[in-house]
Amino acid sequence: MTQTTQQQYVDGFLLSVPADKVEAYRAIASKAGEIWKEHGALDYRECVGDDLEIPGLASFRTASNAREGEVVVFAWIVYESKAERDRINAAVMADPRLDCDAAKDIFDCARMACGGFNTLVHR
């Protein structure tokens, strides 16, 4: 990737999903990714934890409050700027194709961590 003069903005997410619901989560995440990209997001990623217990470091399992039988999902969405993120998220939330109720049957939204981040380094 090349460095840009304008700093991109990133929304980050950390959550846990029951292992037996990963495919259902993949389906709603895939649809959500399509919607975010259609409205202007530059990148959309949803990743399932694999190597999370590294001795001497904080654990993503602990940070996500993952319970027995759950997997950790680390996700992010990249935008041109914070203003674009605000515009895109408003459009996505108003999009009738986004089914937030479906997510409630798959994972506990109250245990999801999320936040917006200014880009510090982009190489």
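A residue counts as buried under 20% relative accessible area and as exposed over 50%, with partly exposed in between. Keep that scale at hand during this tour of a predicted model.

**Whole chain**

Start with the protein chain selected as a whole and shown as a cartoon. Following it from the N terminus, you should meet the elements in the order β-α-β-α-β-α-α-β, a total of four helices and four strands. Switch to the C-alpha trace, which spans about 45 × 40 × 20 Å along its principal axes. The radius of gyration is 15 Å, which agrees with the value near 14 Å that a compact globule of 123 residues would have.

Now add a surface: the accessible area comes to about 7,800 Å², and carbon and sulfur atoms account for 56% of that. Of the 123 residues, 36% count as buried. If you display contacts between residues at least 6 apart in sequence, 84% of them join residues at least 24 apart. Colouring by charge brings up 14 positive and 20 negative side chains, whose two centres lie 3 Å apart.

**Cys100**

Select Cys100 next, in helix α4, which covers residues 100–104. Its relative accessible area is 43%, so Cys100 is partly exposed, since that value falls between the 20% and 50% limits. Then add Ala32, which is 68 residues away along the chain, and draw the distance between the two C-alpha atoms, which comes to 9.6 Å.

**Ser64**

Move on to Ser64, in the loop that runs between α2 (60–63) and β3 (70–79). Ser64 has a relative accessibility of 1% and therefore counts as buried. To see what surrounds Ser64, show Leu14, Leu15, Ser16, Val72 and Arg111, which are the residues it touches when those up to four places away in sequence are left out.

**Thr119**

Finish at Thr119, in the segment that follows β4 (113–118). Thr119 has a relative accessible area of 17% and is buried, because the limit for that class is under 20%. Leaving out residues up to four places away in sequence, Thr119 touches Gln7, Gln8, Tyr9 and Val10. Within that group, centre the view on Gln8 and show its backbone oxygen, which lies 2.5 Å from a polar atom of the Thr119 side chain.

How values were computed: Residues numbered from 1 in each chain as written. Predicted model: local features only at pLDDT ≥ 70, side-chain atom pairs only at ≥ 80, totals over all residues. Heavy atoms only, no water. Helix = DSSP H or I, 4+ residues; strand = E, 2+ residues; numbered from the N terminus. Rg over C-alpha atoms; globule rule 2.2 N^0.38 Å. Buried < 20%, exposed > 50% of the residue type's maximum accessible area, 1.4 Å probe, protein only. Contact = heavy atoms within 4.5 Å. Areas by Shrake-Rupley, 256 points an atom, 1.4 Å probe, with all protein chains shown as cover. Lys, Arg positive; Asp, Glu negative; His and termini not counted. Charge placed at Lys NZ, Arg CZ, Asp CG, Glu CD. Polar contact = N/O pair within 3.5 Å; in protein donor to acceptor, adjacent residues only side chain to side chain.
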